[in-house]
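Q: I'd like a close look at one part of this model, please. Could you take me through the sheet, then the places beside it that deserve a second glance?

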Amino acid sequence: MNSAVRSITRMAIYCGCKVYLIYEGYEGMIEGGDFIKEATWNTVSDIIQQGGTIIGSARSSEFRTREGRLKAATNLINRGIGRLVCIGGDGSLTGANTFRLEWTDLVQELVRTDRVTPAMAKKIPYIQIVGLVGSIDNDFCGTDMTIGTDSALQRIISSIDAVVATAQSHQRAFVIEVMGRHCGYLALVAALASEADFCFIPEWPAPENWRDVLCDKLSQMRSEGQRLNIIIVAEGAIDRDGKPITAEDVKTAVKNKLKYDTRVTILGHVQRGGAPSAFDRLLGCRMGAEAVFALMEMTEESEPCVISIDGNVMVRVPLTKCVERTQMVQKAMADKDWDTAVALRGRS
Ligand code: F6P
């Protein structure tokens with residue numbers, strides 16, 4: 001995300017814009033003061049190699065209220081801010097769009113209640129937004145990759161490679177849990193890239209006899225001379241009844257049936273930190289620059305967009321459509337309609 005923050009800041013300054021960074025997400029937008037600071041070229045020096053985000057991130061319940069959005073609008077108007085790049089998941093982007101849609105109404109109320117002057121309000125007749133998607137889960141419809149996914153994947157693969165040394169030497173089975181509460185992308189591609197024997201993901205719930213299927217596969221691999229087994233379990237893995245399958249469940253199944261020396265490694269939040277991969281740095285750079293170009297071209301009538309990567313090209317896709325589709329996937333998952341979820345996740 002830092003790469004995107006850097007790129008947006010510098011490209012916008014290069015194009016002659018005044019740039020503000022809003023710290024701590026919508027909380028900072030509501031709070032104002034030092035949470036909204038003008039950025040210079042140097043504010044974003046030396047951040048591309050850092051994980052996380054230097055501007056912070058916060059879930060804001062206040063932004064879901066009209067009063068919260070009135071405060072946020074006051075802070076933007078008083079600084080003359082009319083264009084926003086919002087980096088987040090579907091929740092943050094939906095929030096930004098709600099804000100955009102009610103802008104005129106919010107401004108009228110602020111003028112009526114003397115919270116902003118008519119002169120200041122007149123300078124920001126509308127607000128425009130562009131979204132960038134930051135999520136290690138790669139769970140957003142409309143883009144091939146979200147910012148952070150590749151870095152998380154690198155971390156997962158190097159961790160599995162490290163575990164393989166022990167597994168190989170001691171002829172062990174390792175069950176590795178990776179993130180992805182609702183999306184199995186990380187688990188699936190990590191399994192492919194690490195030559196794992198088996199993988200459990202939320203979108204492909206395991207059949208009732210999964211223990212037998214798994215153990216048959218593991219013992220077949222051992223009979224072919226393999227000294228170890230690697231099994232990847234997504235955090236949100238489930239069976240066909242929707243019951244969670246945990247790494248411990250898998251370990252118990254392998255130990256009970258095959259008596260293999262089996263260990264569990266839960267990677268947890270290490271997947272979300274550390275230095276970002278080169279791919280993610282470039283993705284943030286390219287998406288950030290395109291976000292600035294998009295915002296500068298947008299008029300009051302323009303549809304808000306998300307900057308996506310399609311193939312290897314930066315494209316602008318309608319924000320509302322992507323958010324709606326992402327939410328349809330979430331609903332299909334909740335309804336246990338996995339085929340629909342997978343079909344919707346594919347390219348539009
Ligand atoms: O970013 C999404 C995600 O990585 C999920 O895969 C995971 O379940 C969740 O975040 C963990 O979030 P938290 O840090 O709030 O526990």
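**The sheet and its surroundings**

A: Let's start with one pair of residues: Val130 stands opposite Cys305 in E9. This is a predicted model, in which local features need pLDDT of at least 70 and side-chain atom pairs count only at pLDDT 80 or more, while totals for chains, interfaces and linings use all residues. Residues are numbered from 1 along each chain as its sequence is written. Helices (H or I, at least four residues) and strands (E, at least two) are DSSP runs, numbered from the N terminus.

E4 and E9 pair in the parallel sense, over two bridges; two strands pair if DSSP finds at least two bridges between them. On to the next partner: E9 (residues 305-310) runs antiparallel to E10 (residues 313-318), and six bridges join them. Here Ser308 stands opposite Val315 in E10. The hairpin of E9 and E10 has two residues between the strands, and Gly311 in this hairpin takes a positive phi near 70°.

Now step back to the whole sheet. It is open, with four strands in the order E3-E4-E9-E10 and mixed pairing. Its edge strands are E3 (83-88) and E10, each of which pairs on one side only. On average, neighbouring strands of this sheet are turned by 30° against each other, direction ignored. For that angle, axes are lines fitted to C-alpha atoms (for helices over the stretch in contact), and angles run from 0 to 180 degrees between N-to-C directions.

Follow the chain out of the sheet, and Asn138 is found in the loop between strand E4 (128-133) and helix H7 (149-170). Most residues other than glycine have a negative phi. Asn138, however, has a positive phi, near 55°. Asn138 is buried because 23 other C-beta atoms lie within 10 Å; the cut-offs are 20 or more for buried, 12 or fewer for exposed, and partly exposed in between, with C-beta atoms placed from the backbone.

Glu24 also has a positive phi, near 65°, and is found in the loop between strand E1 (20-22) and helix H2 (25-31). Glu24 counts as partly exposed because it has 15 C-beta neighbours inside 10 Å.

Finally, the ligand: around it are Ser135, Ile136, Asp137, Met179, Gly180, Arg181 and Glu235, where a residue is near if its C-beta atom, placed from the backbone, lies within 6 Å. This shell divides into two nonpolar, two polar and three charged residues.

Key:
Ala, Val, Leu, Ile, Met, Phe, Trp, Tyr, Cys and Pro count as nonpolar, Asp, Glu, Lys and Arg as charged, and the others, Gly among them, as polar.
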